[in-house]
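Colleague: Before I rely on this model, I would like to hear how the terms used to describe it are justified. Could we go through them one at a time?

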Amino acid sequence: MDDTDTARGTGSEGLSIQQVARRTGLSQPTLRYYEQIGLIDPVDRDPSSGHRRYYPRAVERIESLAHLRAAGLPIEDMRTLMRSRGHRPETIQTKLELLTAHRDTVASEIAALTTRRSYLDNRIAYWQAVLAGDDTSATRLTEEGQTLGDQLH
């Protein structure tokens, strides 16, 4: 195994873009785009065909990016995380701050979605009460719906 193979993490022929796409759930255009914008280091090419060949370390990085994408991180945040390689205290601090901020954003989104669902549940219950001729429940649900509606803004 030569130094290039060591840097790649393997002496094998690597994976094709199709194989990496299937493995990570990222589309081929996304993989090309991530390479184009520098989220993925330049990918080696097969000398005979010119096709991209992905080696284990690159695939691990791409899998991490796929997970971050699935967690809803914006590309700029993924860039920051990818630049913060290693386990030095300052890079760990950067990772913690970024991930904590995104977790807080997700928590806010969950709260907003929960409020939306509660409002919709209320409207469903209201119309069921109207259909059943239950004026008492319909009145109560109208008042609750107003409060929930105010929370949607």
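Modeller: Gladly, with the reminder that this is a predicted model. To begin with the charges, the mean position of the 20 positive charges and that of the 22 negative charges of the chain lie 5 Å apart.

Colleague: What is the order of the elements along the chain, and how many helices and strands are there?

Modeller: The chain has seven helices and two strands, and from the N terminus on they follow the order α-α-α-β-β-α-α-α-α.

Colleague: How do you know that the chain is more spread out than a compact globule?

Modeller: The globule rule gives 15 Å for 153 residues, whereas the radius of gyration of the chain is 25 Å, well over that value, and therefore the chain is described as more spread out than a compact globule. Along its principal axes, the C-alpha trace spans about 80 × 40 × 20 Å.

Colleague: What makes a set of residues here a nonpolar core, and which members touch the most others?

Modeller: The set is called a core because its members are buried nonpolar residues joined through side-chain atoms within 4.5 Å; the largest such core holds 21 residues, of which L31 and Y54 touch the most other members. At least two residues each come from α2 (17-24), α3 (28-36), α4 (56-70) and α5 (75-83), and α4 gives the most, with five.

Colleague: Which residues does L31 touch, leaving aside those up to four places away in sequence?

Modeller: With that exclusion, L31 touches I17, V20, A21, L26, I40, Y54 and I62. Over the whole chain, buried residues make up 29% of the 153.

How values were computed: Residues numbered from 1 in each chain as written. Predicted model: local features only at pLDDT ≥ 70, side-chain atom pairs only at ≥ 80, totals over all residues. Heavy atoms only, no water. Buried < 20%, exposed > 50% of the residue type's maximum accessible area, 1.4 Å probe, protein only. Helix = DSSP H or I, 4+ residues; strand = E, 2+ residues; numbered from the N terminus. Contact = heavy atoms within 4.5 Å. Rg over C-alpha atoms; globule rule 2.2 N^0.38 Å. Lys, Arg positive; Asp, Glu negative; His and termini not counted. Charge placed at Lys NZ, Arg CZ, Asp CG, Glu CD.
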